Amino acid sequence: MRAIIIGGGIGGLTAALALHAAGIEAHLFESAAEVRPLGVGINLQPHAVRELTELGLGEALAATGIATREFRYANRFGQTIWAEPRGLAAGYRWPQYSIHRGRLQMLLWEATRARLGAERVQAGRRLTGFEQEGAGVTARFADGGTARGEVLIAADGIHSAVRAAFFPAEGPPKWNGALLWRAVSWAPPFLTGASMVQAGHRDTKFVCYPIGAAPDGRLLVNWIAERRFPADTPWAREDWNRPGKVEDFLPIFADWRFDWLDVPGLIRAAEAVYEFPMVDRDPLPWWTQGRVTLLGDAAHPMYPIGSNGASQAILDARFLALQLATHPDIPAALAAYEALRRPATAAVVEANRGDGPDRVMDLVHARAPEGFTDLDAVVPRAELEATVMGYKRIAGFDPETLNRRESWSVPRPA
């Protein structure tokens with residue numbers, strides 16, 4: 001079997017590695033002429049780390065990212081609403097990593113080229129169309145070239161050309177009124193030194209976590225400043241690399257100085273800031289047509305709440321490879337892939353639209369907007385725990401379920 005993968009992002013590269021590990025010939029085509037380590041930080045939840053570890057990338061991840069030890073919610077005064085251990089400290093068999101998106105992509109890119117061969121991993125190949133005929137599918141590219149295989153996997157992002165061909169009347173992504181400013185800054189360690197923090201509430205939020213360390217002890221901190229605007233405010237096409245202006249949002253966070261973190265100081269320390277409107281798309285009624293299917297952001301773009309976008313793409317890739325390797329024919333494999341992953345990711349998309357686990361901050365802000373002296377009197381711990389744990393179950397990374405789940409690696413003959 002030969003698989004054509006469109007898109008060299010995290011999902012597409014993981015798909016290439018997973019297919020190769022499953023004994024399936026994969027060819028990957030990326031539209032960008034040059035793959036560079038762009039973007040800022042992301043989190044890889046333990047369920048995604050498990051899949052990458054089973055692909056032999058565990059040591060590389062450990063050397064590239066920061067193993068997250070704690071997750072904490074706080075209000076805009078820095079008062080703790082919820083704190084919990086993460087990764088191995090939380091009882092998972094796999095860590096959680098905070099990592100630079102670009103460095104992760106390059107790690108996957110180089111691993112894919114090394115395992116598949118450079119000739120099967122091509123940049124500068126933008127898809128313009130595809131045709132299915134008989135037992136195959138042919139991809140057409142802007143340079144006039146073509147590629148033929150038995151299955152085509154579209155991992156070409158939120159502006160997927162394949163998704164647009166499937167659903168030509170869908171229109172642009174949907175904006176929820178929130179604008180994000182993202183950057184990295186060097187700063188002293190805070191809290192555990194490997195903590196991920198979200199502070200504020202639905203309308204005004206600050207997120208930060210370390211993604212690297214310097215020999216002098218400083219941390220490279222990824223941060224996100226978020227502000228919600230009226231829904232009719234105009235916005236430009238989303239682009240992770242569109243420059244933003246500090247003066248547009250710094251005044252909002254000017255007095256967010258906690259005894260454990262100086263938010264305005266962190267913002268001022270950034271060399272470059274990127275602006276991004278928070279967008280997603282509605283869950284689809286189907287992903288697959290014949291021998292062509294969607295994966296990752298092409299299938300289920302979601303708000304960056306709960307740190308699940310990249311992780312869900314990795315899960316897609318691994319489960320799809322397993323189905324293609326173990327079903328008697330491609331249509332049956334794609335049907336099994338979609339039957340599990342489409343409803344699972346639709347549930348995450350909808351949960352993120354409802355603010356996912358971040359609702360604990362909204363509950364506290366609604367009941368104690370000026371802060372609190374007794375958190376239990378504001379929101380009982382059981383209510384907070386139900387919100388946080390409920391999201392983990394929806395997203396597929398509550399510790400008990402993940403630790404017990406069978407591997408998605410292709411079984412090897414005895």
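**Close-up 1. Arginines over aromatic faces.** In this predicted model, Arg 125 sits over the face of Phe 141, 4.5 Å from the ring centre. A second example involves Arg 86, which lies over the face of Phe 71, also with 4.5 Å to the ring centre. Keep Phe 71 and Arg 86 in mind, as both are named among the residues nearest the centre of the largest cavity.

**Close-up 2. Strand S14 and its two partners.** Is S14, residues 195–200, mostly covered or mostly open? Mostly covered: six of its six residues are buried. With strand S5 (residues 70–74), S14 pairs in the parallel sense, over five bridges. Here you can find Arg 72 opposite Val 197 of S14. With strand S15 (residues 204–213), the pairing of S14 is antiparallel and runs over four bridges. Look for Ala 199, whose bridge partner in S15 is Phe 206. S14 and S15 make up a hairpin, with three residues between them.

**Close-up 3. The largest cavity.** The structure has four cavities of 30 Å³ or more, and the largest holds about 90 Å³ of space. Its lining counts 13 residues; nearest the centre are Phe 71, Tyr 73, Arg 86, Gly 306 and Pro 357. The elements that each contribute two or more residues to this lining are S5, S14 and helix H11 (381–395). Which element gives the largest share of the lining? That is H11, with three residues. Sorted by class, the lining of the largest cavity comprises seven nonpolar, four polar and two charged residues.

**Close-up 4. The second largest cavity.** This cavity has a volume of about 40 Å³. Around it you will find Asn 75, Arg 76, Phe 77, Gly 200 and His 201, together with Met 361, His 365, Ala 368, Pro 369 and Gly 371. What is the make-up of the lining by class? Four of these residues are nonpolar, five are polar and one is charged.

**Close-up 5. An aromatic cluster.** The model has a count of 15 aromatic pairs. One of them joins Phe 258 and Trp 260: the ring centres are 5.1 Å apart and the planes meet at 45°, so this pair is classed as tilted. The tilted class applies because 45° falls neither under 30 degrees, as stacking needs, nor over 60, as edge-to-face needs. Are these two residues buried or exposed? Phe 258 is buried, at a relative accessible area of 10%, and Trp 260 is buried as well, at 16%. Both belong to a cluster linked by ring pairs, whose other members are Trp 181, Phe 206, Trp 223, Phe 229, Phe 249, Phe 253 and Trp 256. Phe 206 may look familiar from the second view, as the bridge partner of Ala 199.

**Close-up 6. An open sheet of three strands.** The strands follow the order S3-S7-S4, with antiparallel pairing. Why does one side of S3 and of S4 lack a neighbour in the sheet? Strand S3 (41–44) and strand S4 (66–67) stand at the edges, and each has a single partner strand, so one side of each is left without a neighbour there. S4 is joined to strand S7 (residues 97–100) by two bridges, and the two run antiparallel. To find your way between them, start at Ala 67, which stands opposite Tyr 97 of S7.

Note on methods. Residues are numbered from 1 along each chain as its sequence is written. This is a predicted model: local features need pLDDT of at least 70, side-chain atom pairs count only at pLDDT 80 or more; totals for chains, interfaces and linings use all residues. Side-chain values use heavy atoms; hydrogens and water are left out. Buried means under 20% relative accessible area, exposed over 50%, partly exposed in between (1.4 Å probe, protein chains only). Two strands pair if DSSP finds at least two bridges between them. On a 1 Å grid over the protein atoms alone, a cavity is a set of points where a 1.4 Å probe fits but cannot get out, and a pocket is an open set with protein on both sides within 12 Å along at least five of seven lines; lining residues have an atom within 4 Å of a point. Grid points are joined across faces, edges and corners, and a volume is the space filled by probe spheres set on the points. Ala, Val, Leu, Ile, Met, Phe, Trp, Tyr, Cys and Pro count as nonpolar, Asp, Glu, Lys and Arg as charged, and the others, Gly among them, as polar. Rings of Phe, Tyr and Trp (its six-membered ring) pair if their centres lie within 6.5 Å; planes under 30 degrees apart count as stacked, over 60 as edge-to-face and the rest as tilted. A charge sits over a ring if NZ of Lys or CZ of Arg is within 6 Å of the ring centre and within 35 degrees of the ring normal.
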